[in-house]
Amino acid sequence: MYKAIGIWSWPRDEDRAEFDEHYDKVHFPLAEKLPGIRRITVLTGGENARASGAFRLAEVYWDDRSAFEQASESEEWQAMAADAQQLMERYGVTLLAADGEELDRLY
């Protein structure tokens, strides 16, 4: 599996409900349209995560790097990236992103 992760910083407390609504109704549906995705997971940190600065972690999975690269060049990716930029400008959040091979060990 190959995945991309996005780590969002905390929105301002007064913006949290509006940020969540936009993320749920606009941003996440844009991610669901990415070509070739196999799975999306989203973790929203509780108050104990506030000190780390990490508010939300999203993981998007593809079969392999080639499928990811195709998706990252798509119109759907461009729409999702443009929306991410709007989220950052509107709510003062930051986004850290990375991609790579996933090593998954079951115990």
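Strands in these legends are DSSP runs of E covering at least two residues, and helices are runs of H or I covering at least four, all numbered from the N terminus. Please keep in mind as you browse that this is a predicted model.

**View 1. Lysine 3 and its surroundings in strand β1.** Lysine 3 belongs to strand β1, which spans residues 2–9. Its relative accessibility is 16%, and because buried means under 20%, lysine 3 counts as buried. The side chain of lysine 3 makes a polar contact of 2.5 Å with the side chain of glutamate 59. Beyond its neighbours within four places in sequence, lysine 3 is in contact with Glu59, Val60, Tyr61 and Trp62, and also with Ala98, Asp99, Gly100 and Glu102.

**View 2. Glutamate 59, the partner of lysine 3.** Here we move to strand β3, residues 54–62, where glutamate 59 has its place. Glutamate 59 counts as buried, with a relative accessibility of 16%. Two polar contacts are worth finding here: the side chains of glutamate 59 and lysine 3 are joined at 2.5 Å, and the side chain of glutamate 59 makes another with the side chain of tyrosine 61 at 3.3 Å. Leaving out residues up to four places away in sequence, glutamate 59 touches Lys3, Ala4 and Ile5, together with Arg39, Ile40 and Thr41.

**View 3. Aromatic pairs around phenylalanine 68.** A pair of aromatic rings is described by how far apart the centres lie and by the angle of the planes. The structure holds 10 such aromatic pairs. One of them joins tryptophan 62 and phenylalanine 68, with 5.2 Å from centre to centre and 70 degrees between the planes, an edge-to-face arrangement. Phenylalanine 68 also pairs with tryptophan 77: the centres are 5.7 Å apart and the planes stand at 85 degrees, so this pair is edge-to-face. Tryptophan 62 and phenylalanine 68 are both buried, and tryptophan 77 is buried too.

**View 4. A cluster of rings, and charges over rings.** Ring pairs link Trp8, Trp10, Phe19, Tyr23, Phe55 and Tyr91 into a cluster. Take a look at Tyr23 in particular: the charged end of arginine 56 sits over the ring of tyrosine 23, 4.5 Å from the ring centre. A similar arrangement can be found elsewhere in the model, where the charged end of arginine 39 sits over the ring of tyrosine 61, at 4.9 Å from its centre.

**View 5. The largest pocket.** Rolling a probe the size of a water molecule over the atoms shows where empty space is left. The largest pocket has a volume of about 380 Å³. It is lined by 22 residues, and those closest to its centre are Ile5, Gly6, Trp77, Met80 and Leu95. Two or more lining residues come from each of β1, α1 (16–32), β3, α3 (75–91) and β4 (95–101).

**View 6. Leucine 43 on strand β2.** Leucine 43 is part of strand β2, residues 39–44. Is leucine 43 buried or exposed? Leucine 43 is exposed, with a relative accessible area of 56%. Apart from residues up to four places away in sequence, leucine 43 touches Phe55, Arg56 and Leu57. The C-alpha atoms of leucine 43 and arginine 56 are 5.6 Å apart in space, with their positions 13 residues apart in sequence.

**View 7. Glutamate 73 and arginine 90.** Glutamate 73 is found in the loop between α2 (65–72) and α3. With a relative accessible area of 65%, glutamate 73 is exposed. Its C-alpha atom lies 9.8 Å from that of proline 35, while the two residues are 38 apart along the chain. Arginine 90 lies in helix α3. Not counting residues up to four places away in sequence, arginine 90 touches Arg12, Glu18 and His22. From C-alpha to C-alpha, arginine 90 and valine 26 are 14 Å apart, and in sequence they are 64 residues apart.

Technical notes: Residues are numbered from 1 along each chain as its sequence is written. This is a predicted model: local features need pLDDT of at least 70, side-chain atom pairs count only at pLDDT 80 or more; totals for chains, interfaces and linings use all residues. Side-chain values use heavy atoms; hydrogens and water are left out. Buried means under 20% relative accessible area, exposed over 50%, partly exposed in between (1.4 Å probe, protein chains only). A polar contact is a pair of N or O atoms within 3.5 Å; within protein, one must be able to donate a hydrogen and the other to accept it, and residues adjacent in sequence count only if both atoms are side-chain atoms. Contact means heavy atoms within 4.5 Å. Rings of Phe, Tyr and Trp (its six-membered ring) pair if their centres lie within 6.5 Å; planes under 30 degrees apart count as stacked, over 60 as edge-to-face and the rest as tilted. A charge sits over a ring if NZ of Lys or CZ of Arg is within 6 Å of the ring centre and within 35 degrees of the ring normal. On a 1 Å grid over the protein atoms alone, a cavity is a set of points where a 1.4 Å probe fits but cannot get out, and a pocket is an open set with protein on both sides within 12 Å along at least five of seven lines; lining residues have an atom within 4 Å of a point. Grid points are joined across faces, edges and corners, and a volume is the space filled by probe spheres set on the points.
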